[in-house]
Amino acid sequence: MIDRDAVRDNAKYLRNVRPIDPDEIADYIEGAPHPAVVKQTLREEASDLGLFERDDGTFVPVSDDPVPFQNWSPTAFPDDYSFALEDMLIERYGANWHVGDSGDRLRQRVRQLKEDYYRGNPVEYDEDAALGYAIYHLPDYYAAVGYVLSDLAERNLLSRTLRILDVGAGTGGPALGLHDYLPDDSVVDYHALEPSASADVLERMLGEARRNFRTTVHRETAEAFDPEGEYDIVLFGSVLSELDDPAAVVRKYLDALADDGAIVAIAPADRNTSIGLREIEREVAPANGDVTVYSPTLRLWDGYAPSDRGWSFDVKSDLDVPGFQRRLDEGRDSDEDEGTFINVDVQYSYSILRTDGERRLDVRGNPSRFAKMAEMERHVTNRIDLLAVKLSHDLSEGNNQVFKIGDGSEGVDHYAVRTHPTVLNADVADADYGDVLVFENILALWNDDEEAYNLVVDDETLVDRVA
């Protein structure tokens, strides 16, 4: 048994002097442990000590600079990960995994998974289902997590030394996206919870991780796992809809969050899971509570929380179709549409929660200037000024542009309807999902058919994006 405290003490001293060499530290430790044992100990302690392992086997301090914001916009699922997945498919089913009985089984598993998600049924993962799930979901889950992390990186809120817990990690799409978003000189202590057969796929995919992205897979449920220490990020990637009491699970892991950490929850964009995510967010972060919604559904009025339907999701550019999806799709039934087994749309709902009060934009409504959505009934047929978050892309079908908006006080859905485009109101279309907009002279109307408020953006309306 190596004296771990002695290794830590020597590393703390040497880090301020020169690169830490396991061979040198071994000479200072009672019992003269083998340098390989010292190196492994340093790897295990690297996150706490803030040490980065170089290619030559020595360790140096991690940069104090935060993770930089990057223009994350992947066009394809990376080849290395595609090859790793196809290797697994070939090992299990043979070179022609996508045809014959094995191809039929995989397609049936994908059909069943899609049906279960749509119906809200419990999802069961055997080995075939796990591989089918990986084929269908690895690419879009990989892409989505990087876009969400950008909300934190733009405010310099991601350290280069991170301890991450991925709850319900599945086959590894979010983990791979995390890995590729974070810079090569970061040190990550990544822990995954995955009790199902998906853990086998996950471990194989994590084999592609770089040296300083250190991984541990716990084959336990979110409810049973006992977290040790604090985490900078607790990630729920498309798993909350599968839990019996998701709000209770989120609250459990809020207690395991570092003071400046974040809960990052992502869900598919479909109606049920998207609305379900927002319901969990509202239960865990009530008005005047200790949990803050960092993004995207900012609450612009103190003391209020929304109670509208809450269906809101972001849309990014499609990915190229990976070869493994194309091959599976080629064997579809004659009555199935082309693309049934292709999934490269990047559409997702998300919520970032914090306990330190940080918000993506520190903007709040001023009642002397802006109307409040909670009181919209009194403003119908009037022109008003409004402060709101953009919560959708264009929802129209070719007529007037329609965008969901919210201010965190709304009890029913509100939509900005652009009937007369001008240069002065272009920001309503050009702004990104989650941006805060100021609307001046917007016309408030009630839509009986949709049971929602339509806020009309016409040639008398000015729209400005809040920096």
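**Salt bridges and an annotated domain in a predicted model**

**View 1. The E154–R360 salt bridge.** E154 and R360 form a salt bridge in which the closest N and O atoms are 2.3 Å apart. E154 sits in the loop between helix 6 (127–153) and strand 3 (161–167), and R360 in the loop between strand 10 (346–354) and strand 11 (383–390), so the pair ties together parts that are 206 residues apart in sequence. The structure shown is a predicted model. E154 is partly exposed, at a relative accessible area of 34%. R360, in contrast, is buried, with a value of 13%, which is under the 20% cut-off for that class.

**View 2. The E460–R383 salt bridge.** Here the side chains of E460 and R383 meet, with an N to O distance of 3.6 Å. Because E460 lies in the loop between strand 15 (452–457) and strand 16 (462–465) while R383 belongs to strand 11, this salt bridge ties together parts that are 77 residues apart in sequence. E460 is partly exposed, with a relative accessibility of 43%. R383 is also partly exposed, with a relative accessible area of 29%.

**View 3. The D413–K404 salt bridge.** D413 pairs with K404 in a salt bridge, and the closest N and O atoms are 3.3 Å apart. D413 is buried, its relative accessible area being 8%. K404 is buried as well, at 3% relative accessibility. Side chains of opposite charge can pair when their charged atoms come close.

**View 4. A network of salt bridges.** Seen here are R92, D101, R105, R109, D126, E127 and D128, which are linked by salt bridges into a network. The arginines taking part are R92, R105 and R109. The acidic residues are D101, D126, E127 and D128. For the model as a whole, the count comes to 47 salt bridges.

**View 5. The two segments annotated as DUF8157.** An unreviewed UniProt entry lists residues 4–55 and 374–466 under "domain: DUF8157". Residues 4–55 are 63% helix and 6% strand, and the end C-alpha atoms of this span lie 23 Å apart. Residues 374–466 are 4% helix and 44% strand. The end C-alpha atoms of residues 374–466 lie 21 Å apart.

Note on methods. Residues are numbered from 1 along each chain as its sequence is written. This is a predicted model: local features need pLDDT of at least 70, side-chain atom pairs count only at pLDDT 80 or more; totals for chains, interfaces and linings use all residues. Side-chain values use heavy atoms; hydrogens and water are left out. A salt bridge is a side-chain nitrogen of Lys or Arg within 4 Å of a carboxyl oxygen of Asp or Glu. Helices (H or I, at least four residues) and strands (E, at least two) are DSSP runs, numbered from the N terminus. Buried means under 20% relative accessible area, exposed over 50%, partly exposed in between (1.4 Å probe, protein chains only). UniProt positions are given in the numbering used here, feature names are shortened, and annotations may be inferred rather than shown by experiment.
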